[in-house]
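Work through the following exercises with the coordinates at hand. Each task is followed by a stepwise solution.

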Amino acid sequence: MPKWRDLPFSLLPSLWQTPELLVEIETAWSLSGYLLVCFSAGYFIHDTVDIVVSHQARASWEYLVHHVMAMGAFFSGIFWSSFVGGGVLTLLVEVSNIFLTIRMMMKINNAQDLLLYRVNKYVNLVMYFLFRLAPQAYLTSFFLQYAGQRTLGTFLLGILLMLDVMILIYFSRLLRSDFCPGLVPGQQHKDKFLTE
């Protein structure tokens, strides 16, 4: 059974077979891109149910909000077969999760003094920019054309703008935690690794 960690590698066939998914965000369609969006929506549904069933909703409310918004966006590709390219492009975010996961595992093991952690924090910065901030900025600029219309694109623009805010908040937490640790507030969020 594929895991969420495999998601970045499943992006490659979609983008290789149909590179227009990156440009024709609304109309481009491919079977691999469609299946990737379906699989991703299933992951978000599964993870949301897992968070709720395991009584972690209060501690993980940010993830729940993110997952609900992501599912809303992916459902447009699944049920209306439009914006599949946007869904695939959004999944580029998962590439940076590889390095964020390495960071989190090293923090759990108190390995912040290792050279690998110091190297990873710079790689994290580059990956966060290339695979989170840049695609989000590209998508936001694309979806701004729908502002003021009553279309599916306007709905997706609303979701995207909320996700933009979340991504910028996470980025500021990452910068404060890894590059300005003196600015990190006390141990009020010690269960969240992006705020330590």
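**Exercise 1. Determine whether D178 and R103 are buried or exposed, and describe their contact.**

Solution. Step 1: D178 is buried, and R103 is buried as well; buried denotes under 20% relative accessible area, exposed over 50%, and partly exposed the range in between, with a 1.4 Å probe and protein chains only. Step 2: the side chains of D178 and R103 form a salt bridge with an N to O distance of 3.0 Å, where the term requires a side-chain nitrogen of Lys or Arg within 4 Å of a carboxyl oxygen of Asp or Glu. Step 3: D178 belongs to helix 7 and R103 to helix 5 (residues 93–108), so this pair ties together parts 75 residues apart in sequence.

The model is predicted: local features need pLDDT of at least 70, side-chain atom pairs count only at pLDDT 80 or more, and totals for chains, interfaces and linings use all residues. Residues are numbered from 1 along each chain as its sequence is written, and side-chain values use heavy atoms, with hydrogens and water left out.

**Exercise 2. State how many salt bridges the structure holds, and characterise the one formed by E62.**

Solution. Step 1: the structure holds two salt bridges. Step 2: E62 pairs with R173, and their closest N and O atoms are 2.9 Å apart. Step 3: E62 is in helix 3 (residues 61–80) and R173 in helix 7 (residues 152–179), so the contact ties together parts that are 111 residues apart in sequence. Step 4: both E62 and R173 are buried.

**Exercise 3. Give the secondary structure of the protein chain and relate it to the UniProt record.**

Solution. Step 1: the chain comes to seven helices and zero strands; these are DSSP runs numbered from the N terminus, helices being H or I of at least four residues and strands E of at least two. Step 2: of the 196 residues, 44% are buried. Step 3: an unreviewed UniProt entry places the feature "transmembrane region" at residues 65–93 and 151–171; positions follow the numbering used here, feature names are shortened, and annotations may be inferred rather than shown by experiment. Step 4: residues 65–93 are 83% helix and 0% strand, with end C-alpha atoms 17 Å apart. Step 5: residues 151–171 are 95% helix and 0% strand, with end C-alpha atoms 30 Å apart.

**Exercise 4. Locate S40 and give the separation of its C-alpha atom from that of A70.**

Solution. Step 1: S40 is in helix 2. Step 2: S40 counts as buried because its relative accessibility is 1%. Step 3: the C-alpha atoms of S40 and A70 are separated by 9.0 Å, although the two residues are 30 apart along the chain.

**Exercise 5. State how many aromatic pairs a search of the whole structure finds, and classify the pair of W29 and Y34.**

Solution. Step 1: the search finds 11 aromatic pairs; rings of Phe, Tyr and Trp (its six-membered ring) pair if their centres lie within 6.5 Å, and planes under 30 degrees apart count as stacked, over 60 as edge-to-face and the rest as tilted. Step 2: the ring centres of W29 and Y34 are 5.6 Å apart and the planes stand at 40°, so the pair is tilted. Step 3: F142 and F143 make an edge-to-face pair, at 5.2 Å centre to centre and 90° between the planes. Step 4: F143 is buried, with a relative accessible area of 5%. Step 5: F83, F142, F143 and Y146 form one aromatic cluster.
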